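Visitor: I am new to this structure and would like a close look at one of its loops, taken slowly. Could you begin there and then lead me outward to the rest of the chain?

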Amino acid sequence: MVELKHLFQQLELHNHNNYYILAGDLNAKHHACDNAINNNRGIALNKWIQENEIPYRISLYKTATPSFPKSGAFIDLCIADSRIKFHNTPKHRSLNSFPYDSDHRAVKIQISIPTMKTLEIDETVAPKKYNFNKTDWTQFKNFLIETDDTILPNNRNLTTDEIDEYIDKLSDNINKAIDHATPQIPKNQNATDKYVTPLITRLRKQKSYTLTQINRLTKPENYTIANDTLITAHKDILKIIRNELKFAFHESVNNFWKKKISAITPRNSSKFFPTLNSIFRPKDTNNIETLNIFLIIFIN
């Protein structure tokens, strides 16, 4: 179990501030997990757990029924911090499982951590996107000159923490200047929006509806063996919709650029070459001139 030993050491799971759950197909067979035979991985895992059970607070969970029905093996295991409480377990250190679209049974767990009232997932915040091609660099420079009051000491013996503090302050002021002088790209703007047709919109809705049905039918609380036929049918429909979406985008992109190029006419000489250049000529790199920002250096 060299990989497992390295993982636990690297993540410092001996630290009481760290909780952990490691679960999956470990392909480890051992009598301790109700397997009929032992294999090398099972013997190594069982030995490693016995040697590290106390420092890593290890609890080993297996499924109540064989997780790999074809061979009757218990190989989908869960190694967890013993402080984590597992609910609705059929018996001591066993887990519920149910048939799924796989040769392994799906494992269902419900946990709670005594030191945490709730497990919350932070809301994903999209980063700001700036259109630096339209930055007013004169305004950027003037804003920094007016607002940056950082005073750098004339001292070569600053500590690392002091240097980091000045760098953080300068970075914060630069970010404020960017916000002030650079327009932001709207969050809802997407490069593919111009290719979306009514057909693509309809196919996207069908795809979303089909995925919702698959998720509903595969939820543990809704799942029965009878759902397998419906799930297979929905997955076949989903495959067809995805192919139609791919073809629709292909057609839409071709038609978009065909229409755009067909509209170019040499009759209007003043727009002919500028229009061609805007489409076919590679865009120049946005070069930013060196900005001289004067900082105050305090001499003691």
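Guide: In this predicted model, D34 sits in the loop that runs between β1 and α2, the latter covering residues 40-52. The backbone at D34 has a phi near 70°, which is a positive value in a residue other than glycine. As for its surroundings, D34 counts as partly exposed because its relative accessibility is 44%, a value that falls between the 20% under which a residue is buried and the 50% over which it is exposed.

A second residue deserves to be set beside D34, and that residue is E12, which lies in the loop between α1 (2-10) and β1 (21-25). E12 is not a glycine either, yet its phi is positive, at about 55°. With a relative accessible area of 43%, E12 is partly exposed. Strand β1 therefore has a loop on each side in which such a residue is found, E12 in the loop from α1 and D34 in the loop towards α2, and each of the two is partly exposed.

One further loop residue can be added to this picture, namely Y100, which belongs to the loop between β5 (94-98) and β6 (106-108). Y100 is partly exposed, with a relative accessible area of 44%. Once residues up to four places away in sequence are set aside, Y100 touches A106 and T218. The second of these contacts reaches across the chain, since Y100 and T218 are 118 residues apart in sequence while their C-alpha atoms are separated by 7.8 Å.

T218 leads us on to the helices, for helix α5 spans residues 198-218 and packs against helix α6, residues 227-262, with the two axes 9 Å apart and at an angle of about 160°. An angle over 145° counts as roughly antiparallel, and so α5 and α6 are roughly antiparallel to each other. Their crossing is left-handed. Within α5 lies T210, which is buried, because its relative accessible area is 4%. Leaving aside neighbours within four places in sequence, T210 is in contact with H234, I237, L238 and I241.

Another pair of helices offers a contrast in geometry. The axes of α3 and helix α4 (residues 160-181) come within 9 Å and cross at roughly 140°, which makes α3 oblique to α4. The crossing of α3 and α4 is right-handed. Where these helices meet, Q139, F140, F143 and L144 come from α3, and they face a set of residues in α4 that includes N173, I174, A177 and A181.

The aromatic rings give another way to follow the fold, and a search of the whole structure finds 9 aromatic pairs. One of them joins Y61 and F86, whose rings are stacked, with 4.1 Å from centre to centre and 25° between the planes. This pair links distant parts of the chain, as Y61 belongs to strand β2 (residues 58-63) and F86 to strand β4 (residues 85-87), 25 residues apart. Y61 is buried at a relative accessible area of 9%, and F86, at 9% relative accessibility, is buried as well.

By contrast, W137 and F140 form an edge-to-face pair, with 5.3 Å between the ring centres and 70° between the planes. Both residues lie in helix α3 (residues 137-147), and because they are 3 residues apart there, about one helical turn separates them. F140 is buried at 7% relative accessibility, whereas W137, at 22%, counts as partly exposed. F140 has already appeared among the α3 residues that meet α4.

Two more ring features complete this part of the view: ring pairs link F8, Y20, W48 and Y56 into a cluster, and R83 lies over the face of Y19, at 4.1 Å from the ring centre.

Stepping back to the whole chain, one finds 7 helices and 9 strands, and buried residues make up 24% of its 300 residues. Among contacts with a separation of 6 or more, 64% are between residues 24 or more positions apart, and the contact of Y100 with T218, 118 residues apart along the chain, is an example of such a link.

Definitions and conventions:
Residues numbered from 1 in each chain as written. Predicted model: local features only at pLDDT ≥ 70, side-chain atom pairs only at ≥ 80, totals over all residues. Heavy atoms only, no water. Phe/Tyr/Trp six-rings, centres within 6.5 Å; stacked < 30°, edge-to-face > 60°. Helix = DSSP H or I, 4+ residues; strand = E, 2+ residues; numbered from the N terminus. Buried < 20%, exposed > 50% of the residue type's maximum accessible area, 1.4 Å probe, protein only. Lys NZ or Arg CZ within 6 Å of the ring centre and 35° of its normal. Axes fitted to C-alpha atoms, helices over the stretch in contact; angles between N-to-C directions. Parallel < 35°, antiparallel > 145°, perpendicular 65-115°, else oblique. Left-handed = near helix turned anticlockwise from the far one by under 90°. Contact = heavy atoms within 4.5 Å.
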